[in-house]
Amino acid sequence: MLHGPEFGINEWIVDEQYERYLRDPGSVDRTWRDFFSSPLPAARREPPEAAANAQDGADSAAAGAVRVAALIDAHRARGHLAADTNPLAAGRAAAHPELDIAAFGLGAEDLPEQFVVDGFAGADTMTLRQVLKFLQDSYCRTVGTEYMHIQSSRERHWVQQRLEAPQARPDVAEQLHILYRLGAAESFETFLQTKYVGQKRYSLEGGESAVVLLDALLLRSIRHGVREAVIAMAHRGRLNVLANIVGKPYAEIFGEFEDAAGIRSDARSGDVKYHLGAEGTYRALDGGTIAVSLLANPSHLEIVGPVAQGVARAKQDRAAHGSESFPVLPIVVHGDAAFAGQGVVSETLNMSQLPGYRTGGTVHIVINNQIGFTTSPVAGRSGAYATDVARSAGAPVFHVNGDDPEAVLRVARLAFDFRQAFHKDVVVDLLCYRRHGHSEVDDPSITQPAMYDRIDARPSVRALYAEELLRRGDVGERQVEGALRDVRGHLDRAFAEARARSVPRPREPVGVADGRGATGSQAAQATAITETTARHVIASQTALPGDFSVHPRVLPQLQKRAAMLDADAIDWATAESLAIGSLLLEGIPVRLAGQDSRRGTFGQRHAVLTDRRTGTEHTPLNRLGAQAAAFAPYNSTLSELAALAFEYGYALARPEALVLWEAQFGDFANGAQTVIDEYISASEQKWGQSSGVTLLLPHGLEGQGPDHSSARIERFLQLCAQENMTVAMPSLPGNYFHLLRQQALGERRRPLIVFTPKSMLRSKAATSRLTELTRGAFRPVVPDRTPDPAGIRRVLVCSGKVFHDLDAHRRESGRQDTAIVRLERLYPFPEEELAAEIARFPADAEVRWVQEEPENQGAWTFVWPRVQRSASRPVDCVSRPPAAAPAVGSAGRHVGEQKDLVVSAFR
């Protein structure tokens with residue numbers, strides 16, 4: 001440890017500065033450089049005798065400069081702890097011991113003394129009193145900043161220079177604009193409280209400065225040429241943001257409170273008003289505009305964050321041909337308890353600088369009510385701040401008092417400028433309060449009586465700001481009253497319009513349901529390709545740059561893939577490459593992301609090759625020609641929840657692309673169940689938004705144990721209704737090929753769930769001929785190949801890998817009385833196609849459903865009534881017995897179970 005002139009509890013500052021000095025001498029101020037380069041003993045740097053003897057006199061100039069430098073750095077690192085950021089605090093924040101001048105060997109007698117400050121505040125020397133005043137103004141007023149944790153010295157210095165620059169007060173026009181924005185936010189809430197008593201709205205009251213913050217971000221965006229802002233937020237304050245930022249008409253919002261008959265008669269389920277999204281145009285007073293969208297969000301609070309990142313990335317990729325750098329600004333509004341408590345926040349922050357997920361920096365706004373539902377911070381987080389997790393991403397954090405809207409304006413501009421300068425995330429922690437309970441029908445005084453006594457006695461942010469402006473003489477009383485009167489007039493007129501509005505006509509239903517589920521009829525999509533196209537795509541697999549050294553274990557796979565067309569035996573990976581490559585040639589971009597997806601979990605894909613010698617990467621499918629669209633394969637973080645939410649958002653905003661998310665193993669999708677339940681299965685019904693995201697979920701019981709076996713087919717099928725998604729388990733590469741192309745080329749966008757193979761990836765039985773790709777389309781039912789349908793006594797219906805086990809047993813045993821029909825698409829259920837196939841066989845033939853999953857899992861409970869209707873006779877199930885776990889842990893036991901299952905299907 002190195003120690004300066006006895007800094008006591010602040011010796012860490014000297015050590016920290018010394019470590020930085022050793023890494024890069026230029027990263028520390030000159031005072032520290034001089035101190036560390038002085039000829040003092042390296043083991044322990046003690047001051048000269050005269051400087052060390054505090055009883056004999058003042059420190060030497062050099063030692064004093066070091067003490068003051070340490071004091072300055074302590075405020076840069078710890079000043080936020082003494083900042084006046086809490087509007088509910090009884091008085092100013094208590095002095096922090098690490099910031100006391102005594103902790104640096106300084107005393108009251110030093111206050112008038114001049115010290116070398118090495119350019120601090122633009123001066124060469126300052127008195128200690130002047131230094132303290134400037135430090136207080138920069139770090140300990142109504143803004144407290146955490147930035148010294150940032151690794152980049154350039155980013156630290158950027159923040160430091162702006163915090164330590166003189167802060168000009170907003171001019172009168174800006175002050176009136178702030179006042180108007182606060183008035184609009186407050187009046188909207190009080191109007192709703194008066195007109196719709198007892199209805200939940202999740203008010204923004206107490207945090208109205210959030211509207212000032214968002215307003216400032218959008219104004220800054222317009223002036224810097226940002227084309228669009230994508231906003232994500234939970235329900236608190238959403239209605240206010242919809243009205244005052246996005247521009248959703250007041251009358252439309254009031255109509256939702258009125259619960260108009262047109263809303264009730266909509267064929268969609270719809271959602272509560274404080275979950276809905278909207279798109280609009282934000283207009284500045286000078287005529288500038290920016291497109292703004294607020295994304296719909298369920299009550300799972302933070303899950304919309306990664307969705308917004310995906311939407312923003314998709315919009316930026318669309319604009320990639322332009323010269324703008326990150327022309328879409330993501331803004332994510334959080335609650336304090338959720339930001340600290342929900343792991344998806346950490347997952348999303350971790351993605352922020354990764355190649356496949358970067359959006360050029362997100363402005364995170366934490367509306368810090370200093371309480372959860374009824375949970376106080378002491379029970380809701382372990383750290384000092386709700387924002388502590390943001391430090392892991394190297395984001396600066398600006399804690400600002402929500403009752404100082406001018407400080408909020410300043411911080412908003414600073415946050416935006418940091419994002420623009422470094423294309424990194426930045427966090428604004430808006431400390432405020434929640435005037436009502438969790439909702440307007442909740443009484444918060446039951447659990448936080450003292451807190452709510454203070455809140456009840458506190459004037460609104462607008463009232464406090466108006467009082468301050470009047471006290472300073474910045475504006476007059478008429479200006480204050482006029483701003484509020486204008487807003488109330490707009491609200492009254494909109495309310496009258498909502499009450500007088502005629503009942504709108506019901507909207508057309510989304511999806512078709514007949515009480516039993518979808519009919520399964522889908523227009524066949526032309527998805528075949530020419531042999532010329534197939535050969536062009538396959539040629540890319542071995543057409544490598546001349547100096548590229550392929551790994552010796554990969555090259556044979558590529559050569560084998562190139563020969564498959566002539567061998568007329570196309571495997572799964574090759575069929576997938578042909579599907580993707582042919583789509584690229586048709587101008588359809590393809591994005592593939594997942595854990596290890598570039599190589600493939602099972603070493604089958606090799607979408608990106610790595611030079612054995614240099615590490616250079618090569619993506620064969622991006623060498624199809626100048627007119628081809630881009631293929632973007634990415635390895636994701638070890639995340640499911642945020643990663644799948646991102647891809648959902650990406651597909652939502654880029655419907656012309658094929659967007660694939662692949663789980664390492666199918667059961668890993670469990671970690672993203674919230675996305676599946678709230679977005680993938682229900683977003684069209686709730687919000688009218690369609691996403692064509694495709695999930696590739698490796699599935700199959702193959703002796704690998706309870707995990708890595710089942711993709712939980714039953715869970716997806718349980719969510720299927722109103723044609724909300726497509727669920728398929730193909731048994732042939734050719735059908736998988738057509739399925740992917742159908743998803744990309746079809747007119748209607750909806751999620752596609754594909755249960756993909758593992759062992760079948762290299763099975764000779766699971767290959768397709770070239771003609772299966774150059775003719776026809778996806779087959780939801782693959783018929784049996786028996787030459788004598790009349791001789792069939794038993795019809796086995798199944799999906800996926802188990803077909804090949806059944807077919808192998810049938811051939812080995814010579815059974816000619818059993819047909820095996822493959823159900824390749826489970827939903828929408830192809831009742832007509834299946835009925836037509838079963839009708840080829842005798843009416844007294846026994847029909848059985850066969851699955852390798854336990855009876856209480858897999859597709860059985862979903863398909864049973866549907867297969868029975870198609871067969872017009874009872875249907876039995878052949879499966880493993882009901883079980884709590886998907887599969888057994890013993891490979892030997894699995895083999896025995898599988899053999900018994902296959903044999904029993906033929907009994």
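## Note on the predicted model

1. Let me start with a strand pair: strand β11 (residues 590-594) and β14 run parallel and are joined by five bridges. Strands are DSSP runs of E with at least two residues, helices are runs of H or I with at least four, and both are numbered from the N terminus. Pairing of two strands requires at least two DSSP bridges between them. As a point to find on screen, Ala 593 has Tyr 634 of β14 as its bridge partner.

2. A word on the basis. Residues are numbered from 1 along each chain as its sequence is written, and side-chain values use heavy atoms, with hydrogens and water left out. The model is predicted, so to speak of local features a pLDDT of at least 70 is needed and side-chain atom pairs count only at 80 or more, while totals for chains, interfaces and linings use all residues.

3. On confidence, the mean pLDDT (the predictor's confidence in each residue, from 0 to 100) is 90 for the chain, and 93% of the residues reach 70 or more. Two stretches deserve a careful look. Over residues 40-59 pLDDT stays under 50, and the model has 26 contacts (heavy atoms within 4.5 Å) beyond four places in sequence for this stretch. Residues 502-521 also stay under 50, here with 31 contacts beyond four places in sequence.

4. Back to the sheet that holds β11 and β14. This open sheet has seven strands in the order β14-β11-β15-β16-β18-β17-β22, and its pairing is mixed. At its edges are β14 (631-635) and β22 (825-827), each of which pairs on one side only. Direction ignored, neighbouring strands are turned against each other by 20 degrees on average.

5. Helix α27 (residues 733-745) belongs in the picture of this sheet. The helix lies across β15 (658-662), β16 (694-698), β17 (726-728) and β18 (752-756). Relative to β18, α27 runs at about 165 degrees; such angles go from 0 to 180 degrees between N-to-C directions, with axes fitted to C-alpha atoms (for helices, over the stretch in contact).

6. At the β22 end there is a detail worth checking by eye. Tyr 827 and Pro 828 are joined by a cis peptide bond, with omega at about -10 degrees. Pro 828 sits in the loop between β22 and α30 (831-838).

7. The second sheet is also a good one to trace. An open sheet of eight strands follows the order β3-β9-β10-β8-β7-β4-β6-β5, with mixed pairing. Its edge strands, β3 (143-146) and β5 (278-283), each pair on one side only. From one strand to the next, the twist averages 20 degrees.

8. Within that sheet, β8 runs parallel to strand β10 (residues 426-431), with six bridges between them. Val 366 finds its bridge partner in Asp 429 of β10. Just beyond, the loop between β8 (363-368) and α15 (377-380) contains Gln 370. Gln 370 has a positive phi of about 65 degrees although it is not a glycine, and I would be glad if you looked at that residue too.

9. Now the helix pairs. Helix α7 (residues 172-195) packs on helix α16 (residues 405-422) at about 105 degrees, with axes 10 Å apart. The two helices are therefore roughly perpendicular (65 to 115 degrees; under 35 is roughly parallel, over 145 roughly antiparallel, and the rest oblique). Glu 174, Gln 175, Ile 178 and Leu 182 of α7 meet Pro 405, Glu 406, Leu 409 and Arg 413 of α16. By class, this contact has four nonpolar, one polar and three charged residues (nonpolar: Ala, Val, Leu, Ile, Met, Phe, Trp, Tyr, Cys, Pro; charged: Asp, Glu, Lys, Arg; polar: the others, Gly among them).

10. Helix α20 (residues 531-539) and helix α21 (residues 555-567) pack at about 160 degrees, and their axes are 9 Å apart. They are therefore roughly antiparallel to each other. Ala 534, Arg 535 and Ile 538 of α20 touch Arg 561, Ala 562, Leu 565 and Asp 566 of α21. Four residues of this contact are nonpolar, none polar and three charged.

11. Last comes helix α29 (residues 802-813) with helix α32 (residues 891-905), which pack at an angle of about 65 degrees with their axes 10 Å apart. From α29 the contact takes Val 802, Asp 805, Leu 806 and His 809, and from α32 it takes Gln 898, Leu 901, Val 902, Val 903 and Ala 905. The classes here are six nonpolar, two polar and one charged.
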